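Me: I would like to go through this model term by term and see why each label applies. Please set each value against its definition.

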Amino acid sequence: MRSPRNVSRTRRTARGCALLAAGLLALTGCGDSGGGGGEAVDYPSEAIQIMAPADPGGGYDQTARSIGRALTEGGVIDTGAEVYNVSGGSGTIGLTQFVGENAGDPHQLMVIGKILVGAIEQTDAQVSLADTTPIARLTAEYDAIVVPADSEYETLEQLMEAFRADPGGVAWGGGSVGGVDQILVAQLAEAAGIEPSEINYIPYSGGGELTPAILSGDVTAAASGLAEFQDQIDAGEMRLLAVSSEEPIEGIDAPTIMDAGYDVSIANWRGIVAPPEISDEQRDAVVGMVEEMHGTEEWQQTLESNNWDDYLLTGEEFADYIEEEDAAITQTLTDLGIVG
């Protein structure tokens, strides 16, 4: 599996700073924070709770459940891991609840991603990712452009011809407003000489809503993470027209958008954060647990089966990355007229 170019070269494993003993992960000041005073933290001492800030079936949900499985089935923890969903506000409702109800509890984790960074910029959310404790960026995946299997469009070029001829006549389905999927469609429009304001974009809160909309023909085409569509593609219920990677994806029978003549590529990333007000030692313990999970066979198989790129970045480096993403996404949404 090809890794993105900017994956950190300082990637670490937990083996240098984690000790599994009596089912508890004890760390003594290891990790990214540089602080901690050397006090040992027994972690976890109870079940890990993982919030997916969206409906079941989408990318956040898949990521949260994959983390839970790798932690437990990979033997990283023996306290168990539970996943729950909080939908609404493109993830900002879940973020507000997560920050407000879990301060100081390192057993609470939340999946975040590029979509949430953009959503915060568009809503009246009273909290931001600066109110969380960044733990790790884990994956990157590329979008797929699909149509129903019985669609008249057999190639991306055919779909784009119809899009140019009647921009409003092509209904695009995808994730939340201002998210990766809408940005991709907007970039496609710009590449085809179409004003973003002419796009007929219909947002859905998760894959559980988007998939039936595609299959029923409620939308002409859709853009979302490849993993969310893979089962329907394999079953012959959807036709995969293109992927948003810069180069073809191994094992995927579809061209890139760039191969089709449009200079457009985009990747979505996902990671996890902990609540505010946990100690440096607690953060180091959570980071160590995630790094240990990253090295398990279960997690590596998850990356492969979902066509997710390994995108590991932890602690302070991940915090810096979030700040950079916030600035870049805000500028993109402003350029597209999505935010003022």
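Me: Why is Phe318 called buried or exposed?
Reply: Buried means under 20% relative accessible area, exposed means over 50%, and partly exposed lies in between (1.4 Å probe, protein chains only). Phe318 has 0% relative accessibility, so it counts as buried. The model is predicted: local features need pLDDT of at least 70 and side-chain atom pairs count only at pLDDT 80 or more, while totals for chains, interfaces and linings use all residues. Residues are numbered from 1 along each chain as its sequence is written, and side-chain values use heavy atoms, with hydrogens and water left out.

Me: How many aromatic pairs are there, and what makes Trp269 and Phe318 one of a particular kind?
Reply: The structure has 4 aromatic pairs. The ring centres of Trp269 and Phe318 are 5.9 Å apart and the planes stand at 90°, so the pair is edge-to-face. The rule is that rings of Phe, Tyr and Trp (its six-membered ring) pair if their centres lie within 6.5 Å; planes under 30 degrees apart are stacked, over 60 edge-to-face, and the rest tilted. The pair joins distant parts of the chain, with Trp269 in strand β12 (residues 267-274) and Phe318 in helix α10 (residues 315-335), 49 residues apart. Helices (H or I, at least four residues) and strands (E, at least two) are DSSP runs, numbered from the N terminus. Trp269, at 1% relative accessibility, counts as buried.

Me: What kind of aromatic pair do Trp269 and Tyr321 form?
Reply: Trp269 and Tyr321 are 5.5 Å apart centre to centre, with 70° between the planes, and this pair is edge-to-face. Trp269 in strand β12 and Tyr321 in helix α10 lie 52 residues apart. Tyr321 has a relative accessible area of 11% and is therefore buried. Trp269, Tyr311, Phe318 and Tyr321 form one aromatic cluster.

Me: Over which ring does the charged end of Arg137 sit, 3.7 Å from the centre?
Reply: That ring belongs to Tyr311. Arg137 also lies over the face of Tyr321, at 4.4 Å from the ring centre. A charge sits over a ring if NZ of Lys or CZ of Arg is within 6 Å of the ring centre and within 35 degrees of the ring normal.

Me: How do you know that Arg65 and Asp61 form a salt bridge?
Reply: A salt bridge needs a side-chain nitrogen of Lys or Arg within 4 Å of a carboxyl oxygen of Asp or Glu. In Arg65 and Asp61 the closest N and O atoms are 2.9 Å apart. The two are 4 residues apart in helix α1 (residues 59-73), which means a separation of about one helical turn. Arg65, at 32%, is partly exposed, whereas Asp61, at 6%, is buried.

Me: Which parts of the chain does the salt bridge of Arg270 and Glu141 tie together?
Reply: The side chains of Arg270 and Glu141 meet at 2.5 Å, N to O. Arg270 lies in strand β12 and Glu141 in strand β7 (residues 133-148), so parts 129 residues apart in sequence are tied together. Both Arg270 and Glu141 are buried.

Me: What covers helix α5 in numbers: how many of its residues are buried?
Reply: Of the 12 residues in α5, 9 are buried, among them Val180, Ile183 and Leu188. Helix α5 (residues 180-191) reaches 16 Å from its first C-alpha to its last, close to the 16 Å expected. That expected span is 1.5 Å times one less than the number of residues.
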